[in-house]
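Reader: Got a minute to walk me through this one? I'd like the fold basics, then some details.

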Amino acid sequence: MNSLVKGRSGSGGAEGPAGPVGVRRVLVAVVPSVLAAAVVLAVYLSVAGRLPDRPATHFGAGGKADGFSGRGALLGTALAVLLGMGALLGGLTYRLRSTPGPQRALAVIGAGTAVALGWITTAVLLANARAEEASSATVPGTQAALAFGSAALVAGACWPLCGRNPEVPAAASGPVAGAARLALGDAETAGWSRVAGSRVLPAVGALTAAAGLPVGWTAGWPSALPLLVSGALMALLAGARVTADRRGLTVTPSLAPWPRVTVPLERIAEAGRRTVDPWREFGGWGYRAVPGASGIVLRSGDAISLRLTTGSEFVVTVDDAATAAALLNTLADRARRTPDGG
């Protein structure tokens, strides 16, 4: 069995905001976390003499304290989370410069998350400083409402600060380079495989997991488990292995054998490659379905486009899509000539 040599590697999408706009977006993602850490440190130093040795760090029903830790652990954890989140968001925002829409959203959501986490931490410090003993400290639910309300206000203010996204021409629908064939002898067969990845989904997963931190801190880690688990899964499923061979087109997560999506050769009328814009055409990333089209869209750029025998389109974003499409056309022609696909 001959193995098809992999083709070129594409970059997948045009560059997004650069210069002042790009710098502004990175600063919007980073600065709120640094400022929140500075506020937390200042409040801690101002009330350190009134804090119990083991301040309350978790509050259950009615905002009553039911979990405690050392003063150093409280401060160290808060600063590590805030500064670490700022560094992570800054790096992700920079990496998303080729996808300006998600880049802007990530920066703004990161700013709001930093404000909410900083507010809640400050409320915990002040509650301990006011209480006669740690067990009597309370953080009412209104503090959470104020924290998330302030986060929303900051996010709203940061949205225009991030600048407008550049206009991107709408991508053409349907294959733009279809009907190409790969030369194979009658006794030859071939396979093609490549890993496709997303820059956006790991960022969304990291934000989802980060949102679970203040929830776990104030409401308990069991309450935060759905956010932490879903964020981790989103990050792990952000890559896919795409394979074209005599079985058709197969897509599986790059780190797991399931879930698997297969389009057999008999369902492929024609294969081609085209450029895909996830937001304009499919409304986001992941497994997407819109009228007349579906597919696995992990990023913008090069994609395999299959015109199915039903008349609908199936797309998978992956580099070197033209080579895979040409191979699928050749194998589909062969399968139509020989019912057993041999």
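Author: Sure. Helices here are DSSP runs of H or I, at least four residues long, numbered from the N terminus. Keep in mind that this is a predicted model.

Reader: OK. Which helix holds Leu-106?

Author: Leu-106 is in helix α3, residues 100-130.

Reader: Buried or exposed, that Leu-106?

Author: Buried. Its relative accessibility is 3%, and buried means under 20%.

Reader: What is Leu-106 in contact with, skipping neighbours within four places in sequence?

Author: Leu-89, Leu-92, Thr-93, Leu-96, Ala-203 and Leu-207.

Reader: And how far apart are the C-alpha atoms of Leu-106 and Leu-96?

Author: They are separated by 8.9 Å. The two residues are 10 apart along the chain.

Reader: Switching to the surface. Which residues make a nonpolar patch?

Author: Val-23, Leu-27, Val-31 and Leu-35 make one of about 340 Å². Val-23 sits in helix α1, residues 19-47.

Reader: Now rings. How many aromatic pairs?

Author: Zero in this structure.

Reader: What lies over the face of Trp-159, then?

Author: Arg-104 does, at 4.0 Å from the ring centre.

Reader: Big picture now. How many helices and strands?

Author: Eight helices and 11 strands. The protein has 342 residues, and 48% of them count as buried.

Reader: What about the exposed area?

Author: About 16,000 Å², with carbon and sulfur atoms supplying 64% of it.

Reader: And contacts between residues at least 6 apart in sequence: what share joins residues at least 24 apart?

Author: That share is 68%.

Conventions. Residues numbered from 1 in each chain as written. Predicted model: local features only at pLDDT ≥ 70, side-chain atom pairs only at ≥ 80, totals over all residues. Heavy atoms only, no water. Patch = residues over 30% accessible without salt bridge, like charges linked within 9 Å, V, L, I, M, F, W, Y side chains within 5 Å. Areas by Shrake-Rupley, 256 points an atom, 1.4 Å probe, with all protein chains shown as cover. Salt bridge = Lys/Arg side-chain N within 4 Å of Asp/Glu carboxyl O. Helix = DSSP H or I, 4+ residues; strand = E, 2+ residues; numbered from the N terminus. Buried < 20%, exposed > 50% of the residue type's maximum accessible area, 1.4 Å probe, protein only. Contact = heavy atoms within 4.5 Å. Phe/Tyr/Trp six-rings, centres within 6.5 Å; stacked < 30°, edge-to-face > 60°. Lys NZ or Arg CZ within 6 Å of the ring centre and 35° of its normal.
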